[in-house]
Structures are given as structure tokens and as C-alpha cells.
Amino acid sequence: MDAERGLILSHGDDGPAGLLGEWLTERGCRYDVHDVTKAPAPALGEYSFVASLGSERSATDAETPWVADEIDLLREAIAADVPVLGLCFGGQALSIALGGEVVRATKPQVGWFELSEHADGIPSGPWFHWHYEQLSVPPGGAALAHSEAGPAAFRHGRHLGLQFHPEATLEVIATWSRSEEQLAKLGVSPAALRAESELRAPLARRHAWELFELWWQGLAVRAASE
């Protein structure tokens with residue numbers, strides 16, 4: 001895939017490609033970032049991979065045209081065996097595209113959380129989470145890791161869905177943490193969240209590089225037993 005171009009689907013200015021974009025650039029991989037909330041996604045065409053980022057919207061919101069259109073595009077990529085990487089909302093959209101479901105989380109997860117029952121090669125974290133809904137492992141998929149809320153990573157063929165944000169930078173976390181009233185309801189201190197993020201950022205970056213490389217090389221697929 002190295003000589004080809006990928007498509008990254010974003011969902012607003014507050015959810016950039018972040019560390020994923022940095023990793024792709026460092027690796028010499030070409031990609032286009034397209035904000036589907038502003039204009040319809042381009043045709044899949046010859047794109048060699050698709051990545052779907054986070055969003056404030058729910059992947060179950062079929063009344064929002066771009067949400068339904070994106071899930072259709074992911075189904076097209078799946079049918080064409082074009083690798084998909086889904087990050088939080090993107091992981092939920094990938095699960096739905098593969099026949100899984102997304103439900104309201106029993107308890108929202110906002111902050112840094114370790115993974116459990118993780119497959120060999122998948123760093124346990126802690127990873128940055130920010131979600132109120134929870135994906136399921138779709139039919140034919142395999143769980144690669146869990147969190148307290150449920151499945152945190154799954155693979156399905158060449159596709160990888162995550163219920164956390166390995167792409168999140170300190171700048172992104174600072175932006176999201178301005179939702180002080182929202183965080184207060186969860187008992188989360190914005191200042192403490194930013195301070196913890198500063199401490200965890202170097203290791204989180206290394207873990208993100210490992211995880212992206214696993215996906216790129218297909219090792220995440222082989223990490224789970226058939």
C-alpha cells in the first residue's frame with residue numbers, strides 16, 4: 001500500500017487525523033483528509049485504505065445524511081477488501097457496516113484507561129477514551145481487547161475497529177476538555193485530565209505507532225486466534 005493513497009474521513013474541525021496523520025507522513029504514506037460534515041465523501045476509487053476518525057455524532061444516527069453515507073462507503077470498502085481503520089466513532093461505524101451494533105454505554109468512558117484481555121502485540125495502554133456509546137464485535141469478527149465498557153478493539157479480516165483514540169494529540173485533548181460542564185457531570189476535572197495527558201503523551205505516542213504499524217502490516221489480524 002505504500003505507493004498508493006489513502007482516504008481519512010473526518011467529522012469536524014475538532015477531530016483531526018492527529019497522530020495517525022503524523023505516523024502516515026513519517027512512513028511516507030500519501031493520504032487525503034476529507035471532512036464529510038462539509039461535503040460528501042469522494043468515491044472510493046483507487047484509494048488503498050480508509051480511516052474513519054471520531055465524531056460528536058452517533059454512528060446510529062441514520063437521520064444525519066453523512067452518517068448513513070459514510071457507513072455505505074465503509075461497506076463498499078469492505079466489499080472491495082480495502083483495509084479500514086475505525087477510531088471510536090469510526091470503529092462504531094465499521095462495526096455497524098459489518099453487521100454489528102452500537103448501544104449506549106453503561107458508563108461513559110472519558111480519560112485514560114488500560115485494556116484487558118488484549119491480544120499479543122496490542123499495547124495495553126493506557127489509551128485515551130472519550131465515548132458515551134459502545135460498539136460490539138460484528139459477526140465474523142474477533143475481539144482483540146476489552147475495557148471496562150466492553151470490546152475496545154476488534155478485527156474483521158483486514159479491518160480494525162477501536163473504541164478509543166490512539167490519534168488524539170495533546171492539542172485535541174485540550175480542545176475537547178473545554179467541555180467543562182459536560183466533564184463535571186462525569187466527575188472529571190479538565191485540568192487534571194490535561195495534566196495526566198501531558199504525562200502520558202510520550203508513551204501514548206509510542207503505543208500509537210505500534211498499533212498503527214500492526215494494522216498496516218496486517219499483524220493485528222493474525223494476533224487473535226482463529
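Here are three exercises on the structure above, each with a worked solution.

The model is predicted, so local features need pLDDT of at least 70, side-chain atom pairs count only at pLDDT 80 or more, and totals for chains, interfaces and linings use all residues. Residues are numbered from 1 along each chain as its sequence is written, and side-chain values use heavy atoms, with hydrogens and water left out.

**Exercise 1. The sheet**

Find the order of the strands in the open sheet, and name its edge strands.

*Solution*

Step 1. Fix the terms. Strands (E, at least two residues) and helices (H or I, at least four) are DSSP runs, numbered from the N terminus. Two strands pair if DSSP finds at least two bridges between them.

Step 2. Read the order. The 7 strands run 2-1-3-4-9-8-7, with mixed pairing.

Step 3. Find the edges. Strand 2 (30-35) and strand 7 (142-147) each pair on one side only.

Step 4. Check one pair. Strand 1 (residues 5-10) and strand 3 (residues 50-52) are parallel, with 3 bridges. Here isoleucine 8 stands opposite alanine 51.

Step 5. Add a helix. Helix 2 (residues 65-79) packs on the sheet and touches strand 1, strand 3, strand 4 (84-87) and strand 9 (159-162). Its direction makes about 155° with that of strand 1. Such angles run from 0 to 180 degrees between N-to-C directions, and the axes are lines fitted to C-alpha atoms, for helices over the stretch in contact.

**Exercise 2. Histidine 131**

Is histidine 131 buried or exposed, and which side chain makes a polar contact with its side chain?

*Solution*

Step 1. Locate the residue. Histidine 131 lies in strand 6 (residues 127-135).

Step 2. Apply the cut-offs. Buried means under 20% relative accessible area, exposed over 50%, and partly exposed in between (1.4 Å probe, protein chains only). Histidine 131 has 2%, so it is buried.

Step 3. Find the partner. The side chain of glutamine 109 makes a polar contact with that of histidine 131, at 2.9 Å. A polar contact is a pair of N or O atoms within 3.5 Å; within protein, one must be able to donate a hydrogen and the other to accept it, and residues adjacent in sequence count only if both atoms are side-chain atoms.

Step 4. Look at the backbone. The backbone oxygen of glutamate 133 lies 2.7 Å from a polar atom of the histidine 131 side chain.

Step 5. List contacts (heavy atoms within 4.5 Å). Beyond neighbours within four places in sequence, histidine 131 touches Cys88, Pro108, Gln109, Ala149 and Gln163.

**Exercise 3. Strand 6 again**

How many residues does strand 6 give to the lining of the largest pocket?

*Solution*

Strand 6 supplies 4 residues, the largest share of that lining. A pocket is an open set of points on a 1 Å grid over the protein atoms alone, where a 1.4 Å probe fits, with protein on both sides within 12 Å along at least five of seven lines; lining residues have an atom within 4 Å of a point.
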